[in-house]
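Work through the following exercises with the coordinates open. Each task is followed by a solution in steps.

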Amino acid sequence: MGRACLNVLSFPVSGHGGFRKRKHDTFPHSQRRDGKDVNSSSPVMVAFKAFQQELDARHDKYERLVKLSRDITVESKRIIFLLHRITSAPDMEEVLAESEVKLDAVRQKILQVARELLGEEMHQFHRAITAGLQEYVEAVSFQHFIKTRSLISMDEINKQLVFTPEENGKENQTPSPDAQDKEPGPWRLRITPVDYLLGVADLTGELMRMCINSVGNGDIDTPFEVSQFLRQVYDGFSFIGNTGPYEVSKKLYTLKQSLAKVENACYALRVRGSEIPKHMLADVFSAKTEMMDQEEGIS
């Protein structure tokens, strides 16, 4: 034991109390020992050059997908704003026809995404396109609810995202540089269950706004239809609970808020609908909605 301590204490130290530097510690790292340049034709350098090209191509593809996702998001939001005019438009079919044309334009953007992902693993690029796909699901499901008062299924949405070479507008699409050598069509893009659930969760907020707007225009039936539909959607999300993705459980709280506002509107219609003039109903519900928001903010 004492001999081991003496060996440690006898280790050579510098004058400042630290350990002495070894000879190789003072060797300048920036200077090459052999003084020769690296052979660029060596197998290692060739392999790393191939890795560099592959990573650069992957990063370029990712940036293109992000840009397409932003375009899909913007166009889908415009469709949602257009569909909100249903409550005040004199001709509902005209608004629905216009929304269908705009949805076809959005699908052309999704066609470009499908061509970019041809032969690729979608989940590697899912983060780049998920925001646009969620907004598209919200727009499509909103239109479907206005038409049928029901929820569109994920399979029905995916059927609309199968593109053939004869698809309209194909000639105007510019393929990506790394997709030119791949076989032409059919192109397919599948909405993931997470994208579908998050899009439906966002739909509930739009239905709540539609409910308030319809009351202001004297439509008394829509709030009760929306209320029943939102209860069914909320029950479905409640079955998922904490077993689903984090984003789904996070939006469940917002869904519950939208349901509560619609139910309060229906309650006021049943109890005080005959007392309040129709042109003042929207103001009353808007005031109640603001009061609920303030109470939730305080709590």
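**Exercise 1: a pair within one helix**

Task: Find the salt-bridge partner of Lys67 and account for the spacing of the two residues.

Solution. Lys67 forms a salt bridge with Asp71, and their closest N and O atoms are 3.6 Å apart. A salt bridge here is a side-chain nitrogen of Lys or Arg within 4 Å of a carboxyl oxygen of Asp or Glu. The two residues are separated by about one helical turn, because Lys67 and Asp71 are 4 residues apart in helix α2. Helices (H or I, at least four residues) and strands (E, at least two) are DSSP runs, numbered from the N terminus. Lys67 is exposed at 53% relative accessible area, while Asp71 is partly exposed at 23%. Buried means under 20% relative accessible area, exposed over 50%, and partly exposed in between (1.4 Å probe, protein chains only).

The model is predicted: local features need pLDDT of at least 70, side-chain atom pairs count only at pLDDT 80 or more, and totals for chains, interfaces and linings use all residues. Residues are numbered from 1 along each chain as its sequence is written, and side-chain values use heavy atoms, with hydrogens and water left out.

**Exercise 2: pairs between helices**

Task: State which helices are linked by the salt bridges Lys61 to Glu116 and Lys147 to Glu100.

Solution. Step one: the structure holds 13 salt bridges. In the pair Lys61 and Glu116, the closest N and O atoms are 3.4 Å apart. This pair links distant parts of the chain, with Lys61 in helix α2 and Glu116 in helix α3, 55 residues apart. Both residues, Lys61 and Glu116, are buried.

Step two: Lys147 and Glu100 have their closest N and O atoms 3.8 Å apart. Lys147 lies in helix α4 and Glu100 in helix α3, 47 residues apart. Lys147 is partly exposed at 47%, and Glu100 is also partly exposed, at 26%. A network of salt bridges links Glu100, Asp104, Arg107 and Lys147.

**Exercise 3: the annotated glutamates**

Task: Which residues does UniProt list under "binding site", and are they buried or exposed?

Solution. The unreviewed UniProt entry lists Glu138 and Glu206; positions follow the numbering used here, feature names are shortened, and annotations may be inferred rather than shown by experiment. They are spread over 69 residues of sequence but cluster in space, the largest C-alpha distance being 8.8 Å.

Glu138 sits in helix α4 and is buried, with a relative accessible area of 4%. Glu206 sits in helix α6 and is buried at 13%. Leaving aside neighbours within four places in sequence, Glu138 is in contact (heavy atoms within 4.5 Å) with Ile80, Gly199, Asp202, Leu203 and Glu206. On the same basis, Glu206 touches Ile80, His84, Glu138 and Phe142.

**Exercise 4: core and cysteines**

Task: Describe the largest nonpolar core, then settle whether Cys211 is paired or unpaired in a disulfide.

Solution. A nonpolar core is a set of buried Ala, Val, Leu, Ile, Met, Phe, Trp, Tyr and Cys residues joined through side-chain atoms within 4.5 Å. The largest has 59 residues, and Tyr136, Ile157 and Leu207 have the most contacts inside it. Helix α4 gives the largest share of this core, 12 residues.

The structure holds 0 disulfides (pairs of cysteine sulfur atoms within 2.5 Å). Cys211 is in no disulfide, and the nearest cysteine sulfur, that of Cys266, is 5.5 Å away. Cys211 is buried at 0%, and Cys266 is buried at 7%.
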